[in-house]
Number of protein chains: 2
Amino acid sequence: MEQNVIDASGLLAISTRLQRLSDQIRKDGLLIYKAFGIDFQPKWFPVLYTLYKKSTMSVVSLSDEIGYAHPSTISLLKELEKEKLIRSTKDKIDTRKRLIELTEKGKELLANMEPVWEVIIKATAEITNTENNLMKAINEVEATLKEKSFLHRAEAYRK
Amino acid sequence: MEQNVIDASGLLAISTRLQRLSDQIRKDGLLIYKAFGIDFQPKWFPVLYTLYKKSTMSVVSLSDEIGYAHPSTISLLKELEKEKLIRSTKDKIDTRKRLIELTEKGKELLANMEPVWEVIIKATAEITNTENNLMKAINEVEATLKEKSFLHRAEAYRK
DNA sequence: CAAATATACGTAGTCAACTACATAAATTAA
DNA sequence: TTAATTTATGTAGTTGACTACGTATATTTG
């Protein structure tokens, strides 16, 4: 395999490599939705999918669930509200909270997407099902980092 | 292992997961350099490391090498020039080309970083050396995608 | 129960990549 | 040897995430 300098630097550039692969997959994701004639952006996925599974959530709990900072979620919600895919109501008990849910249009879109997801899941399984499984590797690394951070580990090697 | 909805959605959210892991590692990377008293930003790594290994390159060939679009490289180069870590000269044969090289200060910085890199490599190896090795998984997936794109594979499953 | 603290949400601005487009120089073709 | 095409670089503006900070409401504590 031909190697450029960055690939050859291996572990040093792992963050760059992850980023690159993520971008590549996201771009192809967009193309797949387009090819199936569905007006959907991959970045919407975490919010919409979570609401699909959990029906109603506040802004912050939604952010926690998808692992985003809450301002990122807010800007996605604004966009989704403009698309009329979600709607929000005030929590009657805790009035600080804004409860988010899918609209009928949103539910319909997600239902229409199920067959596309199946295809995506199959294609992704095909891609990741190599000797070292990427999804499993990510899960394992995230679990390892939860135990002890990267910084903490690096410092342990310091003389 | 406790699972949130996105993790549970697995393959669908792989791009999101890669992104998140990349960010996390990049942030800790910055902290590691700081902890070692080195004034260095992880985003500089691809450019500087490539110049370290290849000495002189034009803007576009450097971009290709690190896998960035050339405007991204240009803005990094501007920053690095301000830091006096790189310098550029005109190619005498092809006057369109701007040749980039490390300054003495740049070379010195990179030399000082070698011990930090060793620590980073060790810590990264520790993190990625789980049952499914992340670096190997990335390499395998990138090779698989080169053979046949994600989009192409997805379309093959379409009825 | 008043004060201090914590939580929920929002806005503003930043960051590190990108795409789209423009210009100039080099190369190829008519 | 002009004309057309390709290549190299640059600028402007976008994107999708972030942090910092402010305000309002809830909760906890003295």
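1. Let's start at the DNA. B:S72 has a polar side-chain atom 2.3 Å from a phosphate oxygen of DNA strand C. This is a predicted model, in which local features need pLDDT of at least 70 and side-chain atom pairs count only at pLDDT 80 or more, while totals for chains, interfaces and linings use all residues. Residues are numbered from 1 along each chain as its sequence is written, chains are lettered from A and ligands numbered from 1 in the order in which they are written, and side-chain values use heavy atoms, with hydrogens and water left out.

2. Two further polar contacts to strand C are worth a look (a polar contact being a pair of N or O atoms within 3.5 Å; within protein, one must be able to donate a hydrogen and the other to accept it, and residues adjacent in sequence count only if both atoms are side-chain atoms). A:R98 uses a polar backbone atom, 2.7 Å from a phosphate oxygen of DNA strand C. B:R96 goes for a base instead: an N or O atom of its side chain is 3.4 Å from a base nitrogen of DNA strand C.

3. Who else is around strand C? There are 22 residues around it, and A:V60, A:R96, A:R98, B:K43 and B:S72 come nearest; a residue counts as near when one of its heavy atoms lies within 4 Å of the strand. Of the strand C atoms that come within 4 Å of the protein, 70% belong to sugar and phosphate. By class, this surface has eight nonpolar, five polar and nine charged residues. Here Ala, Val, Leu, Ile, Met, Phe, Trp, Tyr, Cys and Pro count as nonpolar, Asp, Glu, Lys and Arg as charged, and the others, Gly among them, as polar.

4. As for the elements, α4 (59-66) and α5 (70-82) of chain A and α5 (70-82) of chain B each supply at least two residues of the surface near strand C. α5(A) gives the most, with four residues. Helices (H or I, at least four residues) and strands (E, at least two) are DSSP runs, numbered from the N terminus.

5. Now DNA strand D. It is surrounded by 22 residues, the closest being A:K43, A:S72, A:T95, B:R96 and B:R98. Sugar and phosphate make up 70% of the strand D atoms that come within 4 Å of the protein. Side-chain N or O atoms approach phosphate oxygens of strand D at 2.5 Å from A:K43, at 2.6 Å from A:T95 and at 3.1 Å from A:Y68. Two or more residues of this surface come from each of α5 of chain A and α4 (59-66) and α5 of chain B, with α5(B) giving the largest share, four residues.

6. How do the two protein chains relate? A turn of 180° with a shift of 0.0 Å along the axis lays chain B on chain A with an RMSD of 0.3 Å, which means the relation is that of a two-fold axis. The same surface serves both copies, as 100% of the contact residues of chain B recur in chain A. The superposition is by least squares on the C-alpha atoms of residues with pLDDT of at least 70 in both, and contact means heavy atoms within 4.5 Å.

7. One last spot is the second largest cavity, with about 170 Å³ of space. Its lining has 15 residues, and A:L12, A:S15, B:I25, B:G29 and B:P42 are closest to its centre. A cavity is a set of points, on a 1 Å grid over the protein atoms alone, where a 1.4 Å probe fits but cannot get out; lining residues have an atom within 4 Å of a point. Points are joined across faces, edges and corners, and the volume is the space filled by probe spheres set on them. α2(B) gives the most to this lining, with four residues.

Key: On a 1 Å grid over the protein atoms alone, a cavity is a set of points where a 1.4 Å probe fits but cannot get out, and a pocket is an open set with protein on both sides within 12 Å along at least five of seven lines; lining residues have an atom within 4 Å of a point.
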